[in-house]
Amino acid sequence: MRTGLWQVAAAAFALIATPSIASAQQPIDELQLLMELNSARADPAGYMTGLREYRGFFHANLLRYPGSTADIATEEGVKVVDETIAYLGKQAPLSQVQPSLLLQAAAADHLADQSRTGQIGHVGSDGSSPRVRVQRRGGGIYVAEIIAYGSVDAADAMRQLVVDDGVADRGHRQIIYSGELRYAGVACGPHPVFRTMCVIDLGMTADGRAPGERLRYTSR
């Protein structure tokens, strides 16, 4: 979904773990998730190595982590992992994204909403889109959003988004590996259905405006 400037979120969301499997007792570390994002961008070859190990946890479309007694059903199984490995083998390293307080605030707004309602996806309970939530915080419309539900930790959340099982256009992966997107805000917390969720809002600039527009940050 590239139009020269990012304006909307990926149309779908990452969802691999089921409520019975996503049993993390501690909140997912937001700083660690940002580090995972930057690791995937800056060292795709190294990330590919980790996915080769992850591939070994599959039996057809079922995923079982070491030490677990339960299987996680995936839509595409090992095939999408192989496709991701091939993709990363051709992906050039990208610069790391920098943290943005404004984008983090917008991500936290969506987290707070869905933590209360149990909804999923990019549309808020009031009908807001990612761009609207960033605008409410004083930013612009050139943003992208990715969300992972049911992750057990930061590494699991990023792996869901990079592999993008069940998402036909691999929209989350495209966002992660967009060189245009240089800033990010991360918010992770509880979800009443899937136990955990992480929202990452990304922008070309720290406030989601087009490059050259003036930064303006407001809180509420």
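**View 1. Ser100, tucked in after strand β5.** Ser100 is buried, with just 5% of its relative accessible area left. This is a predicted model, so read every distance and angle here as computed from predicted atoms. Ser100 belongs to the loop that links β5 with α4 (101-117). Its side chain reaches the backbone nitrogen of Leu102, at 3.4 Å. Setting aside neighbours within four places in sequence, Ser100 is in contact with Tyr183, Ala184, Gly185 and Ala206. Two of those names, Ala184 and Gly185, come back in the next view.

**View 2. Strand β7 and its two partners.** Strand β7 covers residues 183-191, and 7 of its 9 residues are buried. One partner is strand β5 (residues 98-99), which runs parallel to β7 and is joined to it by 2 bridges. Look for Pro99 here: Ala184 in β7 is the residue standing opposite. The other partner is strand β8 (residues 195-203), paired with β7 in the antiparallel sense over 9 bridges. For a landmark in that pairing, take Gly185, whose bridge partner in β8 is Asp201. How many residues sit between β7 and β8 in their hairpin? The count is 3. As a general point, side chains in a regular strand alternate between the two faces of the sheet.

**View 3. The largest nonpolar core.** This core has 40 residues, and the members touching the most other members are Leu33, Leu37, Met158, Ile176, Ile200 and Leu202. At least two residues each come from α1 (30-42), α2 (44-55), α3 (78-89), β6 (143-149), α6 (154-163), α7 (171-176), β7 and β8. Which element gives the most? That would be α6, with 6 residues. Zoom in on Ile176 and, leaving out neighbours within four places in sequence, you find contacts with Leu37, Arg41, Leu94, Ile146, Met158, Leu161 and Val162. There is also a second, separate core of 8 residues, with Ala107, Tyr149, Phe194 and Val199 among them.

**View 4. Two arginines with positive phi.** In general, most residues other than glycine have a negative phi. Arg170 goes the other way, with phi near 50°. Arg170 sits in the loop between α6 and α7, and it counts as buried because its relative accessibility is 13%, below the 20% cut-off. Arg195 also has a positive phi, near 70°. Arg195 is part of strand β8. Is Arg195 buried or partly exposed? At 38% relative accessibility, Arg195 counts as partly exposed.

**View 5. Aromatic rings around Tyr54, and an arginine over a tyrosine.** The whole structure holds 6 aromatic pairs. One of them is Tyr54 with Phe57, an edge-to-face arrangement with 6.4 Å from centre to centre and 85° between the planes. Tyr54 is buried, at 4% relative accessible area, whereas Phe57, at 22%, counts as partly exposed. Those two rings belong to one aromatic cluster along with Phe58 and Tyr65. Elsewhere, the ring of Tyr87 has the charged end of Arg173 sitting over it, 5.0 Å from the ring centre.

**View 6. The little matter of β2, β3 and β4.** These 3 strands form an open sheet in the order β2-β3-β4, with antiparallel pairing. Why is one side of β2 (58-59) and of β4 (72-73) left without a neighbour in the sheet? Both stand at the edges, each with a single partner strand, so one side of each has nothing next to it in the sheet. Strand β3 (residues 62-63) pairs with β4 in the antiparallel sense over 2 bridges. In that pairing, Leu63 stands opposite Ile72 in β4.

**View 7. Zooming back out to the chain.** The close-ups above are drawn from a chain with 7 helices and 8 strands. Of its 220 residues, 50% count as buried. If you take the contacts with a separation of 6 or more, residues 24 or more positions apart account for 72% of them.

Notes: Residues numbered from 1 in each chain as written. Predicted model: local features only at pLDDT ≥ 70, side-chain atom pairs only at ≥ 80, totals over all residues. Heavy atoms only, no water. Buried < 20%, exposed > 50% of the residue type's maximum accessible area, 1.4 Å probe, protein only. Helix = DSSP H or I, 4+ residues; strand = E, 2+ residues; numbered from the N terminus. Pairing = 2+ DSSP bridges. Core = buried A, V, L, I, M, F, W, Y, C linked by side-chain atoms within 4.5 Å. Contact = heavy atoms within 4.5 Å. Polar contact = N/O pair within 3.5 Å; in protein donor to acceptor, adjacent residues only side chain to side chain. Phe/Tyr/Trp six-rings, centres within 6.5 Å; stacked < 30°, edge-to-face > 60°. Lys NZ or Arg CZ within 6 Å of the ring centre and 35° of its normal.
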